[in-house]
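Visitor: Could you take me on a close look at one part of this model, and then show me what else is worth a stop along the chain?

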Amino acid sequence: MNYIGHGGKEIVERIMPREQAVEAIKGLTEVTIRGQIAREVIDIAYGFFTPLEGFMTRADVEGVCNEMKLANGVLWPIPIVFDISDEEIKEKNIKEGDKLLLKYQDKPMAILEVEEIFTYDKKEMAKKVYGTDEEKHPGVARTYNYKDKFIGGKVTLVNEPVMNPPFDQFFFTPKQLRQKFAEKGWQRIVAHQTRNVPHTGHEWLMKGAWLSAHGELPVEKTVTGILVNAIIGEKRKGDYIDEAIVLCHDVLRKAGYFREDVHMTSIALWDMRYAGPKEAVFHAILRTNLGLTHHMFGRDHAGVGTYYDPYDAHRIFDRIPEGALNIKPVRVLEWWYCPVCGEVTYSGLCGHKDKAQGFSGTLIRSIIQDGVKPPRLIFRPEVFDLIMECAEKYGFGSPFVTDRYLKERQDIFTLPDLK
Ligand SMILES: [Zn+2]
């Protein structure tokens, strides 16, 4: 079955059968890649990044930076590049037309066809994508850390990764997800992008987005679903640990806060760029490829510090030309706890603005840190218990990322031997 993804293009799938791969990699120049590139190889090969079939060439990067478009005219906001040092190019005598064997975890992973070796001014790239060239912006810092040159060209996965528990239950390729949606009979699916364990504010965001996406459809049939899509990639100290994020979202359904047939948890591999509005567009593209029809955008989506206005990510979609994006943004404000109404309410709906309390992530974190169970209207007890369990099981005693977690945690996936 063929599925259509972003830009009206068929979902990309670039995976070489094992027997063929064993032969194809013989004698190729080997290049060891880091985590970010390995995750992006997986994204390209399974079609998460459709229509990309590989890392960008100069024309693509130029189009993305200057016009938010690929060279073929398809909307795209963030460069996806393969960087390499001058020394490595020289030492391995890498030339255009070569094929490279990309290695990760000391195993063969993918073949990269060297279509073009090019340079691009990193300061310019940073400024155009992030709107700033300040190094304290983590996306800018990531850009500055790229090595001297870039290689553009197609990527083919020769060794499929095996997801490790608990992520194995939540990883679906775009094609697999679409099959799941067909089984469920979902016609409209709204994405909840997350890097957090859910408090009830998040829960209400999802419930509100579900109502919004479901709209005028008949209520007696389940045709609308919520897909929680957790971004899994490079972690920063103090983030919630990945295991807690996915498992705690999933427990919201298991504990009955969402009905079994309207909610599903999944992951996508991506190292956050914190590009604010541009990253919102990127997330919309990613979820288009997953087969989603709607995407929730809340306050300060993918932002960092004060680089973007909290609602820039809402506004950017007004500027995208009709037909360039095949997913509907669901723009949401915040949910508050209102002690006068005695319930969680949508900001601005009731008239007790001065009495309402926002969900402070910082406050909730400090409560969790102290191990005190918050009121269930703020934080579900099942989620709280599971966070503590995950801390013990995966976090070396902490629900937040520590140095030890960064060093000793098990990788999300393992590459098997290729023989
Ligand atoms: Zn109220």
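Visitor: What arrangement do the four donor atoms around the zinc ion make, and why?

Guide: Gladly, and a word on the model comes before the metal. This is a predicted model, in which local features need pLDDT of at least 70 and side-chain atom pairs count only at pLDDT 80 or more, while totals for chains, interfaces and linings use all residues. Residues are numbered from 1 along each chain as its sequence is written, and side-chain values use heavy atoms, with hydrogens and water left out.

The arrangement around the zinc ion is tetrahedral, because the four donor atoms subtend angles of 101 to 116°; four donors earn that word if all angles lie between 85 and 135 degrees. For orientation, the ideal angle for four tetrahedral donors is 109.5 degrees. The protein supplies SG atoms from Cys338, Cys341 and Cys350 and the ND1 atom of His352, at 2.1 to 2.3 Å from the zinc ion. A donor here is an N, O or S atom within 2.8 Å of the metal (3.2 Å for Na, K and Ca), and since water is not among the atoms, sites may look incomplete. Read along the sequence, the donor residues follow the spacing C-x2-C-x8-C-x1-H.

Two of these cysteines can also be placed by their accessibility. Cys338 is buried, at 0% relative accessibility, whereas Cys341 is partly exposed, with a relative accessible area of 30%. Buried means under 20% relative accessible area, exposed over 50%, and partly exposed in between, using a 1.4 Å probe and protein chains only.

From the zinc ion, let us move to a pair of helices. Helix H9 spans residues 242-254 and helix H13 spans residues 381-394, and their axes come within 9 Å and cross at roughly 150°. Helices (H or I, at least four residues) and strands (E, at least two) are DSSP runs numbered from the N terminus; axes are lines fitted to C-alpha atoms, for helices over the stretch in contact, and angles run from 0 to 180 degrees between N-to-C directions. H9 and H13 are therefore roughly antiparallel, a label for angles over 145 degrees. The crossing of H9 past H13 is right-handed, that is, the near helix is turned clockwise from the far one by less than a right angle.

Which side chains should you pick out at this crossing? H9 brings Glu243, Ala244, Leu247, Cys248, Val251 and Leu252, and these meet Glu382, Val383, Leu386, Ile387, Cys390 and Tyr394 of H13. Contact means heavy atoms within 4.5 Å.

Cys390, a residue of H13, makes a good centre for the view. With a relative accessible area of 1%, Cys390 is buried. Its C-alpha atom and that of Cys248 are 9.1 Å apart, although 142 residues separate the two along the chain. Beyond its neighbours within four places in sequence, Cys390 is in contact with Ile241, Glu243, Ala244, Leu247 and Gly395.

H9 also holds Asp250, which is buried at 6% relative accessibility. Setting aside residues up to four places away in sequence, Asp250 touches Phe170 and Thr265.

Following the chain out of H13 leads to Phe396, in the loop between H13 and helix H14 (403-408). Phe396 has a positive phi, near 55°, and is not a glycine; at 33% relative accessibility Phe396 is partly exposed. Asn93, too, has a positive phi, near 55°, in a residue other than glycine. Asn93 sits in the loop between helix H4 (86-91) and strand E4 (99-104), and is partly exposed at 49% relative accessibility.

The backbone offers cis peptide bonds as well. One runs from Thr50 to Pro51, with omega near 10°, and Pro51 belongs to the loop between helix H2 (35-46) and strand E2 (54-55). Another runs from Pro165 to Pro166, with omega near 5°, and Pro166 lies in the loop between strand E8 (162-163) and helix H7 (174-184). As background, most residues other than glycine have a negative phi, and most peptide bonds are trans.

One last stop is Tyr307, in the loop between strand E12 (294-297) and helix H11 (312-315). Tyr307 is partly exposed, with a relative accessible area of 24%. The C-alpha atoms of Tyr307 and Gly131 are 8.1 Å apart in space, with their positions 176 residues apart in sequence. Apart from neighbours within four places in sequence, Tyr307 is in contact with Thr132, Glu134, Lys136 and His137.

Definitions and conventions:
Tetrahedral: all angles 85-135°; square planar, octahedral: opposite > 155°, others 65-115°. Parallel < 35°, antiparallel > 145°, perpendicular 65-115°, else oblique.
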